[in-house]
Amino acid sequence: MVDEGDDVVGRLATITLQRGDTLPDIARHFSLGINALSAANPGVDVWVPRAGERIVLPLSFILPETRREGIVINLAAMRLFYFKKDGGQQAVATFPVGVGREERPTPMGQMYITRKKYRPTWYVPASIAADHRKRGDPLPSQVPPGPLNPLGEYALYLSKSGYLVHGTNKPASIGLRATNGCIRLYPENINRLFDATPVKTAVEIVSQPYLVGRHGGRVYLEAIPLTNHQAPPS
């Protein structure tokens with residue numbers, strides 16, 4: 001729940017790593033992107049961290065400066081926020097996301113969910129097919145539901161044609177600029193969002209690398225590294 005006038009949700013935590021832990025596994029378990037977990041723990045090896053090492057879990061989030069309704073995605077933070085009224089209070093759920101690569105950025109602006117699909121087929125866009133052909137990795141015209149489908153098991157189609165909020169068959173990419181412009185979530189998170197989100201839900205996509213929030217009488221500031229930024233269209 002978010003109290004009126006509050007801009008911060010969650011709280012920081014720490015854990016002690018066990019032998020065999022990796023940062024991508026920890027990130028997924030705690031619904032974090034690998035970008036945020038790595039930034040909070042500089043110097044910690046992503047794939048072979050030391051057993052017994054204590055790491056910070058950055059589970060406190062400043063809400064974007066937008067309307068608090070429906071889905072809001074902050075590309076700079078690589079984080080999705082879902083706002084929903086619960087009686088007289090406002091609930092917020094938040095999930096890490098993968099976003100568009102520099103050459104295929106995720107579009108910003110106000111949109112809405114036009115339809116939902118369980119076990120979607122991926123119809124490969126011509127531009128993506130052409131890129132793969134140039135790399136000697138031709139794609140079929142469509143990819144049916146299953147483990148090879150990059151959309152995962154659930155898809156929310158946006159009013160911006162060709163763009164979706166969907167799952168993934170590559171969960172280690174969450175928290176990275178790794179998509180062709182769509183918004184990608186962990187499989188378990190898109191499942192929750194899919195069930196909770198009706199068609200026509202408003203979606204706003206922003207890029208806010210500098211955030212200010214108030215909570216408990218304190219002011220919090222967040223500056224997201226430049227490597228995460230996506231500039232607004234000129």
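Helices (H or I, at least four residues) and strands (E, at least two) are DSSP runs, numbered from the N terminus. The model on screen is predicted.

**Stop 1: the second largest pocket**

Select Leu12, Pro58, Ser60, Phe61 and Glu222. Of the 28 residues lining the second largest pocket, these are the closest to its centre. The volume here is about 690 Å³. Now colour the elements around it. Strand 1 (8-10), helix 2 (34-40), strand 4 (60-62), strand 6 (79-86), strand 17 (210-215) and strand 18 each give at least two residues to this lining. By class, the lining splits into 18 nonpolar, 7 polar and 3 charged residues.

**Stop 2: a surface patch**

Stay with strand 18, which covers residues 218-223 and holds Val219. Show Val219 together with Val212 and Leu221. The three make a nonpolar patch on the surface, and their combined accessible area is about 310 Å². Is Val219 buried or exposed? Val219 is exposed, because its relative accessible area of 52% is over the 50% cut-off.

**Stop 3: the largest pocket**

Move to the largest pocket, which encloses about 870 Å³ of space. Its lining has 36 residues, and Trp122, Ile128, Pro150, Leu151 and Asn180 are the closest to the centre. Select those five and centre the view on them. Which element supplies the largest share of the lining? Helix 3 does, with 4 residues. Helix 3 spans 126-134. Other elements with at least two lining residues include strand 9 (109-118), strand 10 (122-123) and strand 12 (154-158). Strand 13 (164-166) and strand 14 (177-179) also reach that level. The lining of the largest pocket contains 17 nonpolar, 10 polar and 9 charged residues.

**Stop 4: two positive phi angles**

From strand 9, step into the loop that leads to strand 10 and pick Arg119. Its phi is near 55°, a positive value in a residue other than glycine. Arg119 is partly exposed, at 36% relative accessible area.

Next pick Ser31, in the loop between helix 1 (23-29) and helix 2. Phi of Ser31 is also positive, near 55°, and this residue too is not a glycine. Ser31 is buried, because its relative accessible area of 16% is under the 20% cut-off. Draw a distance from its C-alpha to that of Pro49. The two atoms are 19 Å apart, with 18 residues of separation along the chain.

**Stop 5: salt bridges**

The model has 7 salt bridges. Three are on this route.

- Select Arg28 and Glu188. Their closest N and O atoms are 2.8 Å apart. Arg28 is in helix 1 and Glu188 in helix 4 (residues 187-196), so far along the chain that 160 residues separate these distant parts. Arg28 is partly exposed, at 32%, and Glu188 is partly exposed, at 33%.
- Select Glu53 and Arg50. This salt bridge has an N to O distance of 3.9 Å. Glu53 is buried, with a relative accessible area of 16%, whereas Arg50 is exposed, with 57%.
- Select Glu204 and Arg67. The closest N and O atoms are 3.6 Å apart. Glu204 belongs to strand 16 (residues 202-206) and Arg67 to the loop between strand 4 and strand 5 (70-74), so the pair ties together parts 137 residues apart in sequence. Glu204 is buried, at 13% relative accessible area, and Arg67 is partly exposed, at 25%.

How values were computed: Residues numbered from 1 in each chain as written. Predicted model: local features only at pLDDT ≥ 70, side-chain atom pairs only at ≥ 80, totals over all residues. Heavy atoms only, no water. Patch = residues over 30% accessible without salt bridge, like charges linked within 9 Å, V, L, I, M, F, W, Y side chains within 5 Å. Areas by Shrake-Rupley, 256 points an atom, 1.4 Å probe, with all protein chains shown as cover. Salt bridge = Lys/Arg side-chain N within 4 Å of Asp/Glu carboxyl O. Buried < 20%, exposed > 50% of the residue type's maximum accessible area, 1.4 Å probe, protein only. 1 Å grid on protein atoms, 1.4 Å probe; cavity = no way out; pocket = protein on both sides within 12 Å on 5 of 7 lines; lining within 4 Å. Points joined across faces, edges and corners; volume = space filled by probe spheres on them. Nonpolar A, V, L, I, M, F, W, Y, C, P; charged D, E, K, R; others polar.
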